Amino acid sequence: MTWYKTGTVAVTAGSNAVIGSGTSFIANSRVGDAFRGPDGEWYEVTNIASDTALSIAPNYQGTTLAAGGYSLAPMQGYVKDSADALRAATQVIASGVADMQEQVTAATEAAATAVQAEAVAVAKADIATAAADLSTQNKESTSQDATSAVQAAASAQAAAESAEEAEMATRGKAASGANSDITSLSGLTTALSVAQGGTGGTDQASARTGLGFGTAATAKLTTSATDTTAGRALKVGDFGVGSTTIPTLSDLNVFPGTGHYKFWSSAANNPAATFGTVQVAMYDATNWTQLVISTNSPGVVFTRSSVNGSIQPWVRQYIETVTNANGTAVKYPDGTMICYMTQTTVFTANQGYGSLFASAAAGFDYPATFIYPPAVTPSGASFAVATGWATFEGFTSTTFTGPMRWISIANGAQGRIGYIAVGRWK
């Protein structure tokens, strides 16, 4: 049988894979055949995956080549060809009566065709000549030998056909060890384990269990930043968590749940017409707390709560200081307010005040309004060398201190009058 050389092959240095182009490997080669590569070296065919793919051993020793010439040579022999040649030879021997020389020549030619070797042909010719000389005495024996040869050839052909059928049955099947040409698997009845590269399950639920997935693997995502549907999986930004923007509330009494929100000064029920952010923490539907941090008034903080559905007033949680021409007012979160001021005007004690001297009376407006008349303490500082002090007389209101004087034992003593008023702003 001639060597198969049709098409070209692609080979890679150090690889056992041979990829054909225009080839028919399945019909023209067998495992065990010899493969002569583009590098001129010989290799053994170890697997035939398809008409265009086979494996060799050892791995390709030459340089990588995309399209090179090759040869496939049968190394195990082909039983059918040998059987045909043997049948032709025995027929010549069995019929050798008429022209023995002609029969010898025919037998010699048949033997030469079968083995392609002159030495074998001569040997078979000698055997045929000797058999012809004895053909008369041993014709029956020769006929029996021919029959046996034919039977042997038939058995050989059957064996060859069985081998061909076995090869056809395994053609395209994966070989043991590493395989790089498997494109699909079908008919598996046992799931591949995780260690084998599978999921360990035959359906979605068992696959998730095998891979160690929890319930979040089947949870649906929220549909909006304020979606409160039970069982939904949160996204970045939901309820203001982990995002650069947060949901907006138009009414601070109405919110979807615990979270971070923003609001504008137009939002209903906001504290002091401010705008900023509000953090909501819910104990349940009717009990919750809110913390507002103003963005238009830095440092301004308010809190409030709902107790069993009763929403409490906003409470300012910072110390506010107000300073104007009337002095300074300090407002505390608990409602306490302290106002104070010392006049720059110099008062002179030059009016008789019993055994003392007093200045003209003067009153002062508070820098902020009290909700009730505060407790007022006069204060002052001497301006000249004579000692004096401030005194308070009359009444006070929520906006005004009432009359105050500079008092001294010395006529003409001067000083500045001030005060400290303590009360409540809320």
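1. In this note, two residues are said to be in contact when heavy atoms of the one lie within 4.5 Å of heavy atoms of the other. The structure discussed here is a predicted model, and the points below should be read with that in mind. Leaving aside neighbours within four places in sequence, N350 is in contact with F357, A358, N411 and G412.

2. N350 itself is found in the loop between β17 and β18. Along the chain N350 and N411 are 61 residues apart, yet their C-alpha atoms are separated by 5.1 Å in the model. With a relative accessibility of 45%, N350 counts as partly exposed, because that class covers values between the limit for buried residues, under 20%, and the limit for exposed ones, over 50%.

3. A second asparagine can be set beside this one, namely N287, which lies in the loop between β9 (276–282) and β10 (288–294). Is N287 buried or exposed? Its relative accessibility is 16%, and N287 therefore counts as buried. When residues up to four places away in sequence are not counted, N287 touches M282, S306, V307 and N308.

4. The strands on either side of N287 deserve a closer look. β9 and β10 are joined as a hairpin through 5 residues, and they run antiparallel with 7 bridges between them; G276, for example, has S294 in β10 as its bridge partner. β10 also pairs with strand β11 (residues 301–307), again in the antiparallel sense, over 6 bridges, and here T289 has S305 in β11 as its bridge partner. As a general matter, strands of a sheet pair through backbone hydrogen bonds, and the pairing may be parallel or antiparallel.

5. The two faces of β10 are not alike: W288, Q290, V292 and S294 make up a covered face, whereas T289, L291 and I293 make up an uncovered one. A student following the strand in the viewer may find it helpful to locate these two sets of residues in turn.

6. Further along the chain, 4 strands form an open sheet with antiparallel pairing, in the order β18-β19-β22-β21. Its edge strands are β18 (351–353) and β21 (388–392), each of which pairs on one side only. On average, and with direction ignored, neighbouring strands of this sheet are turned by 40° against each other. Between β21 and strand β22 (residues 404–408), which run antiparallel, there are 5 bridges, and W389 has I407 in β22 as its bridge partner.

7. Which strand supplies the largest share of the largest nonpolar core? That core has 20 residues, of which M337, C339, Y366, W406, I417, Y419 and A421 touch the most other members. At least two residues of the core come from each of β16 (336–342), β17 (347–349), β22 and β23 (413–424), and the largest share, 4 residues, is supplied by β23.

8. β23 also takes part in several strand pairings, which are best considered one by one. With β16 it runs antiparallel, joined by 7 bridges, and C339 has A421 in β23 as its bridge partner; C339 and A421 are also among the core residues that touch the most other members. β17 pairs with β23 in the antiparallel sense over 3 bridges, with F347 standing opposite G415. Strand β20 (residues 375–382) runs antiparallel to β23 and is joined to it by 8 bridges, and in this pairing the bridge partner of S379 is G418.

Note on methods. Residues are numbered from 1 along each chain as its sequence is written. This is a predicted model: local features need pLDDT of at least 70, side-chain atom pairs count only at pLDDT 80 or more; totals for chains, interfaces and linings use all residues. Side-chain values use heavy atoms; hydrogens and water are left out. Buried means under 20% relative accessible area, exposed over 50%, partly exposed in between (1.4 Å probe, protein chains only). Two strands pair if DSSP finds at least two bridges between them. Axes are lines fitted to C-alpha atoms, for helices over the stretch in contact, and angles run from 0 to 180 degrees between N-to-C directions. A nonpolar core is a set of buried Ala, Val, Leu, Ile, Met, Phe, Trp, Tyr and Cys residues joined through side-chain atoms within 4.5 Å.
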